Each structure stands twice: as structure tokens, then as C-alpha cells.
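I wanted a friendly first look at how two chains meet. Here is my notebook, one entry for each thing I looked up.

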Amino acid sequence: MFTREFCIILSAALVAGHSSAQQSDTEEVPRTSAEVPERLPETGERAPESPPQSSAQTIENIDADAFVFGVGQPATPEEIAAIDIDVMPDGTGLPEGSGTFAEGEQLYQEYCAACHAEDLGGISDLGAARLIGGRGTLDSDSPVKTVESYWPYASTLFDYVHRAMPMDAPGSLDADEIYAINAYILGRAGILDEDTELNAETYSEIVMPNVDGFVPDPRPDTQ
Amino acid sequence: MAKNERFSDPRYGPAERQMAESLVEIERQMLEEEAGEECDCKDGMFPGLTRRNLLAGGAALGGSLLTAGQGRADAPPGAVEYRVQPEPTKEQGRTILDDGGYGSRSQFESEVRWRYPTASLDSSWSMTPLASGHGIITPSGLHFERHHAGIPAIDPRTHSLTLHGMVDQPMRFTMDDLQRLPAVSRMHFIECSGNTLTEWTEPTLKTVQGTHGLTSTSEWTGVPLSTVLRMAGLQDGAAWILAEGADAAVMTRSVPIDKAMDDAILAYAQNGEALRPEQGYPLRLLLPGFEGNTHIKWLRRLEVSDKPFMTREETSKYTDLMPDGTARQFTMEMDAKSVITFPSGAMRLPRPGYYEITGIAWSGRGKVETVEVSTDGGETWEQAALEEPVLSKCHTRFRLPWVWDGEEAVLQSRVTDETGYVQPTLEELVNVRGTNSVYHLNAIQNWHIAPNGEVTNVHA
């Protein structure tokens, strides 16, 4: 039986062996780990780490009591935009783009069905959740928690699929694809009409069935 | 062929040789296994999972990376197998630094984290072997793990933390920057709110590692989060902060601003050295006393807002479903909890006699005030001694001498924290929350001692 780790190690070893054999006479393979500290002359002691250097451009008016340390740098709008991927319940963060149920059906089969099943019922052997169904079960002895029955906000579905799915290629889908896949999932969940086109505007209007299902933490609750 | 003769061709660098060695070793162990022994995955509880192979693979790899020529590959993970001297007083011991300058544990110590057999290997967790723990510190290599998308390897020279949103000046900090700021070191537990989740309806896992091993304590060092927030300047109305990791889950949680300004730490060190990769190297958020999932690892971004972000991990997961169908959200502080680690499940007391009962207690709301221990299933209680130091939001070690007379007994521990909160029984918890809430089970644990000395997990 070949485990995931084993296969990864195997392929890493093969790749490493291959590329180093090829590269050895042309260029150095960049090092991806630290060197043991150098020895100092005369005594042979190990050199201490060099003091970390602040990335600040200016180090004027330092006043530690006022939290001015001359450390760090302003984050530029471009730097922020490159990683600011979250989407909030009011629609903040939803990108431009659009997608439909029909497009989503195809994309779902291509990118999601292998793990979450063609019928969106999930595959428990893979740890991949069931995505739809379960409405009306939350107060029963065997509640079924899904996007349809449990998730309070559609924004979470956009945010999560964008950042973490598909599990084997996270972050690989563009905005149009996510709008389409979500139109399909929410359509199959009976939350959207199959002819709704999702975009930033229509998406932020979606009301999930369990939107009022969450309460703040009331603990301590046992005495 | 001897180990150091294999792969001696000059086209193999040291790294490739090590990998090749590991592969040979893994294959050897796998073949051995296929040929022989019963597989312990056949106990029917988690069919289809072959944990053994994984452990064998991991052990072989760890072993051969460490041994570098001297020891043998079957030493326990983190150890090197040296020749045991028949008379250590009659010959010189091994020479200093032949371990390369970073020590290893004794070859006679073998406790390891245990991976809970989740279906997904990428989203899984491993548990601390509490039964063999001493004192209150968890060795870094035994700290429990919970990952939703594996463990990334991140170069600290290119990693940075971006702070933006409702601040006057959005900022970006390199790891070097963070290490230039005033630091704090604090001892705190982290407990996953899924700790003990198998035990709601019936005793399920057998050992204290399985039932309680998702809690660990370390000394954490880093910059108070309040410092960088003050540097950037919080705007009026700032109420929540999104913390985001740089793993493949791009893990996110919303943190209340009061917590951020109180005792939250941007931690880069654990137990005196840099964080372990599994613990978020090079940077993790530490929210003392809060459920483990909020302590975002591989931290790359903080966004200040006036509202919570409603991420998947605070809606779909880590919310507690109540019998009426509503779910509690932002259940952050871990309620006080304690467990006896010795004697504990799947042990067998060799015979009647003197034993020291010991365990750990902790509270996400402050210090442990008292721990009581019962040996008769909660009929009578005796106060245990608390080992100093007793620290806020930190494991506290308790001890109680006990003479076992060979009769049936049920051991329990019950903690009271400095807020006056008393650890509930499972019945009390279930009365309020039902059995479908999954997370935050902090009930009193029972260990049954049979006349033959066998210790088992039972419900009272």
C-alpha cells in the first residue's frame, strides 16, 4: 500500500535526484534550509545570529512609549489587495465577475464532484462534506449540517471555496468560476432559482435558510 | 550493503542520499509488515485506515534523518540508537556533539503523538501523549496538532505580516521587524475545542491521549498584538480582527478587539526556540485561553473591522448545536477542565499498593483554584496538592497520594477555577447542551480500576 506521504517522498526524491544530476555542472541548486552558524576566527566559537534588521525606511522620532519604534513599513494598497481575499456577509470583498447554474453544473462536475459526489452528498471516506440537504433536522437527534441547512451566510461559501477549495488545488478558481459553482450549489439547495445569475450584487442579496440560527455564547451554563 | 555504501555515487548530494535511504527503509518496513504481523487497524472502529504504514513511514524517515551514520534507523522518532554499554563506568561514553549540536532524547523513550484516524490526511489532528507527561510543559515535538490543509514549509525571510482595515496606517512587518519589537514570554495551554469530542454519548477512546490529548502547554514568546495595533492606530468602531494563515486552508478566524488588546501575542518562539513548523513557523497568533482554532498559525494577515467576518471555521465549524436547533457561536474561552493522567485508560496497575494519582487542570478564564480527586466515583472528594507555579490559562499539575487496596475504584478529578466555576459532570453538561454540540466537552472524566488493575474509560 502506498500512502500519500510515501508517494510525495518518492516523487520528491526522484525530482531532486533528477534535477541535481542535471544541474550539478551548470548552476547551484538554491539552498532551502539554514546553514549551521559559522565559526569565528581564532576561538572557533559559533557566530551568534545577526541582529534582525528593521524594514523601516525612516528611523526618526523614535519614542517607544508612544509606540514609535522605527520598525515595519507602511503596507501599500497593492500589497494589501494581493492578499485581501475575504468576503463578508454584507458583500464586502465580493469581486467582479458572474456565473450561472448551468456553467456551475459543469464546473462542479469537473472540480468538485470527485470528492463531494455528483449529487453533492459528500464522500465520507475522503472527509469531504455533504453540501446540501438536511433542512429541518437541526433540532433532531441526528442533525445534518450542510451549507443548505446550517450555514448562516452565503458570503462564507464564496470566501471558503475561493480560499480553500478544491482541496487538491486550493485558490485555483477565478471569480466567474466561483460565482457559477455557488449558483449551482445554492440552486441545488433550493435557495436560488436555477436562472439566477450570480454577481457581486445578486450574491449579497442571498438570504440563507439558517440565518437566524446562531446565538451568542451564554456560558457559564452548568451552574 | 552497508548504509553508507549505498547511494555513494557523487551525483547524489547529502539530501538526495538521505531521501533515498529513507525510501529504502520505508519500503523495507512496509514489506516486513505485509509479510507478517496483524494490522492494528483491524479493530473495526475505523475500517480501511492503515495508520501503521504511516507511522512506520514517518518513523523511518525521522530516524534516518537523525542518525546520519551512527545510530540505527529503528530508534524511536527523535532518538538515536547508540550502542548500550554493558558497563558504563568502565569505558568512556560517546563523545560530545556527535549529534551535530542539537540533542535528541534517550533511545529508551518512545512516546509519540497519535494521529486521530480522520478520513482526510490533510485535514487531521494528532494528540499529545498526556499519560507520560511530567510537570506542565509539553515537549515541542509532542504538542498536539490540528491542521486543515497540511503543514506548509515557509521561509521566514520572505514571510511577512500585513495589518490593515480600520487602522490609521496599514503596516507590513517582516519577521525581522517583529523580533525588533518589545517581547513577552508567557506560559499558556492551547486546547482544541474538539478535545474529548468522541466522549459525548459513550466512552469511546481508551487512553487519555485519545480522550484529552488535544491540549498542550508551552512557553510562548512574541510581541503583544496590542503593540502592533497601537503602532498602526485603531480607528473608532474597530471591534473585530480577522486573523489569516498562509497555509493551503488560508485559515481564518475573527478575534474580538478586546482580546486582541488584552493578552494576545504574535508568537515566534515556543519553549525557548523558534516555533515548530507544525505550530505555525514562523509566526502564530496566541489567544490565551481561547479555543485552539483561533490561534491562527503561519499568520500572514490581520484585518481590522467593525464586524465579525463569519468565516467557515466560525459558522460551519466550531459552533455548538443545541437541542432546540440553534447553535452557539464565538464560544471562545475554554471552560475549566481537568483529567487524571496517571492512572489512566488502558494502563494496568501491577498490584495493590501505593500510587501517586496525578493529572493536569486548566481554565481559559484564569488560574486553577482547587482540584479535588475522588476514588469512589464522586461519592467523596479529597483536595489534591497543586504544583507551583499555578499560572493563568496554563496547565496546572496536581498530585494526590493513594493506596489502592485492590478493590474496584472509579477515579475522577474536578477543578474549580478562580472565577468560582466548577467543572461539571457529563450529565450536567448534557442536560444543558444535549449531545449534538460536538465541541467544548469539559466534563469530569472517569477512570475505572478493576480488581485486576485494569484501567478503563467509563461513564459514571
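My entries below go from the chain contact to the shared sheet and then to the domains of chain B.

**Entry 1: the kind of model**
I noted first that this is a predicted model, so I read every value below as computed from that prediction.

**Entry 2: where the chains meet**
I started with a simple question: how many residues of each chain are in contact? On the chain A side I found 66 residues, and they touch 81 residues of chain B. Next I looked up the area. The size of an interface is often given as the accessible area lost when the parts come together. For chain A and chain B the buried area is about 6200 Å², and carbon and sulfur atoms give 60% of that.

**Entry 3: charged and polar pairs**
I then looked for salt bridges between chain A and chain B, and the count is eight. One of them joins Asp221(A) to Arg433(B), with the closest N and O atoms 2.8 Å apart. I also looked up polar contacts across this interface and got 27 residue pairs, both residues at pLDDT 80 or more.

**Entry 4: which parts of chain A take part**
Several elements of chain A each bring at least two residues to the side that touches chain B: α1 (4-23), β1 (73-74), α2 (77-83), α5 (154-164) and β4 (214-216). Which element gives the largest share? For chain A it is α1(A), with 10 residues. Sorted by class, this side of chain A has 36 nonpolar, 15 polar and 15 charged residues.

**Entry 5: a sheet with strands from both chains**
I followed β1(A) next. It pairs with strand β5 (residues 171-174) of chain B in the antiparallel sense, over two bridges. Here Gln73(A) stands opposite Arg172(B). Within chain B, β5(B) also runs antiparallel to β4 (residues 160-165), and four bridges join these two strands. In that pairing, Ser160(B) has Thr174(B) as its bridge partner.

Stepping back, I traced the whole sheet. It is open, has six strands and mixed pairing, and its order is β1(A)-β5(B)-β4(B)-β13(B)-β8(B)-β9(B). Why is one side of β1(A) and of β9(B) left without a neighbour in the sheet? Both strands stand at the edges with a single partner strand each, so one side of each stays free of a neighbour in the sheet.

**Entry 6: two domains in chain B**
The domain assignment of chain B gives domain 1 (160-328) and domain 2 (337-458). I looked up their centres, taken over C-alpha atoms, and 28 Å separate them. The contact between these domains takes 36 residues from domain 1 and 34 residues from domain 2. Together they bury about 2900 Å², with 61% of it on carbon and sulfur atoms. On the domain 1 side, Phe189(B), Trp200(B) and His212(B) lose the most area to domain 2, together 26% of what that side buries.

**Entry 7: what links the two domains**
I counted two salt bridges between domain 1 and domain 2 of chain B. Among them is Lys337(B) with Glu191(B), where the closest N and O atoms are 2.9 Å apart. Polar contacts between these domains come to 16 residue pairs, both residues at pLDDT 80 or more. The elements giving two or more residues to the domain 1 side are β6 (184-191), α4 (208-212), β7 (215-224) and β14 (320-321) of chain B. The largest share, four residues, comes from β6(B). By class, this domain 1 side has 12 nonpolar, 15 polar and nine charged residues.

How values were computed: Residues numbered from 1 in each chain as written. Chains lettered and ligands numbered in written order. Predicted model: local features only at pLDDT ≥ 70, side-chain atom pairs only at ≥ 80, totals over all residues. Heavy atoms only, no water. Contact = heavy atoms within 4.5 Å. Buried area = accessible area lost by both parts, 1.4 Å probe. Salt bridge = Lys/Arg side-chain N within 4 Å of Asp/Glu carboxyl O. Polar contact = N/O pair within 3.5 Å; in protein donor to acceptor, adjacent residues only side chain to side chain. Nonpolar A, V, L, I, M, F, W, Y, C, P; charged D, E, K, R; others polar. Pairing = 2+ DSSP bridges. Domains from an automatic or database assignment.
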